[in-house]
Amino acid sequence: IADAVQAVTPRDTALYALSVGFGHDPADVSQLRFVDPQPGMPAVPSMGFALGYPGFWLGDPRTTVDAAKVLHLDQRIDFCQPVIARKTRPRRCGNT
């Protein structure tokens, strides 16, 4: 699987946070930093799963995987640095 390259802007980050429920309670000040699109704002950690997703790559015949027999059991993500909204591309942290 090729490394993915994707820009992460403050607007994209805020929209993702709103879509997963951040900002639901406008009186909760701790959530506002995730939904106010400002340079350098933090991203919701689960946004890492959505970044660079190329689509259902197992369905590509070159993988030789029978997609009908795929069972999703688990997923994880390790962050080597905080995900910050800026116009840079995410980098791969290691070999996993």
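Trainee: Which pattern does the protein follow when it is read along the sequence?

Mentor: It helps to begin by saying that this is a predicted model. The secondary structure comes to three helices and zero strands. Read along the sequence, the protein therefore has helices alone to place in its pattern, given that helices and strands are the runs assigned by DSSP, and that pattern is α-α-α.

Trainee: Which residues make up the largest nonpolar core, and which elements give two or more residues to this core?

Mentor: The largest nonpolar core holds nine residues in all, namely V8, Y16, A17, F34, V35, A43, V44, M47 and L51. The elements that give two or more residues to this core are α1 (10-19) and α2 (29-35).

Trainee: With which residues is M47 in contact, leaving aside its neighbours within four places in sequence?

Mentor: M47 belongs to the largest nonpolar core, as do V8 and Y16. Once the neighbours within four places in sequence are left aside, both of these core residues appear among the contacts of M47, and the full list is V8, D12, T13 and Y16.

Trainee: Is F49 buried, partly exposed or exposed?

Mentor: F49 is found in helix α3, which covers residues 47-50, and together with I77 and F79 this residue makes a nonpolar surface patch of about 240 Å². Buried would require under 20% relative accessible area and exposed would require over 50%. Because the relative accessibility of F49 is 36%, this residue counts as partly exposed.

Trainee: How far apart in space are P42 and T13, C-alpha to C-alpha?

Mentor: P42 lies in the loop between α2 and α3, and at 22% relative accessibility this residue counts as partly exposed. In sequence P42 and T13 are 29 residues apart, while in space, C-alpha to C-alpha, the distance between them is 8.0 Å.

Trainee: How far apart in space are L18 and Q31, C-alpha to C-alpha?

Mentor: L18 lies in helix α1, and with a relative accessibility of 45% this residue counts as partly exposed. L18 and Q31 are 13 residues apart in sequence, and their C-alpha to C-alpha distance in space is 9.8 Å.

Trainee: Taking the protein as a whole, what percentage of the residues count as buried?

Mentor: The accessible surface of the protein comes to about 7400 Å², and 56% of that surface belongs to carbon and sulfur atoms. A residue counts as buried when its relative accessible area is under 20%. Of the 96 residues of the protein, the share that counts as buried is 20%.

Note on methods. Residues are numbered from 1 along each chain as its sequence is written. This is a predicted model: local features need pLDDT of at least 70, side-chain atom pairs count only at pLDDT 80 or more; totals for chains, interfaces and linings use all residues. Side-chain values use heavy atoms; hydrogens and water are left out. A nonpolar core is a set of buried Ala, Val, Leu, Ile, Met, Phe, Trp, Tyr and Cys residues joined through side-chain atoms within 4.5 Å. Buried means under 20% relative accessible area, exposed over 50%, partly exposed in between (1.4 Å probe, protein chains only). Helices (H or I, at least four residues) and strands (E, at least two) are DSSP runs, numbered from the N terminus. Contact means heavy atoms within 4.5 Å. Accessible areas come from the Shrake-Rupley method with a 1.4 Å probe; for residues, only the protein chains shown count as cover. Patches are made of residues with over 30% relative accessible area and no salt bridge: like charges are joined within 9 Å, nonpolar side chains (Val, Leu, Ile, Met, Phe, Trp, Tyr) within 5 Å. A salt bridge is a side-chain nitrogen of Lys or Arg within 4 Å of a carboxyl oxygen of Asp or Glu.
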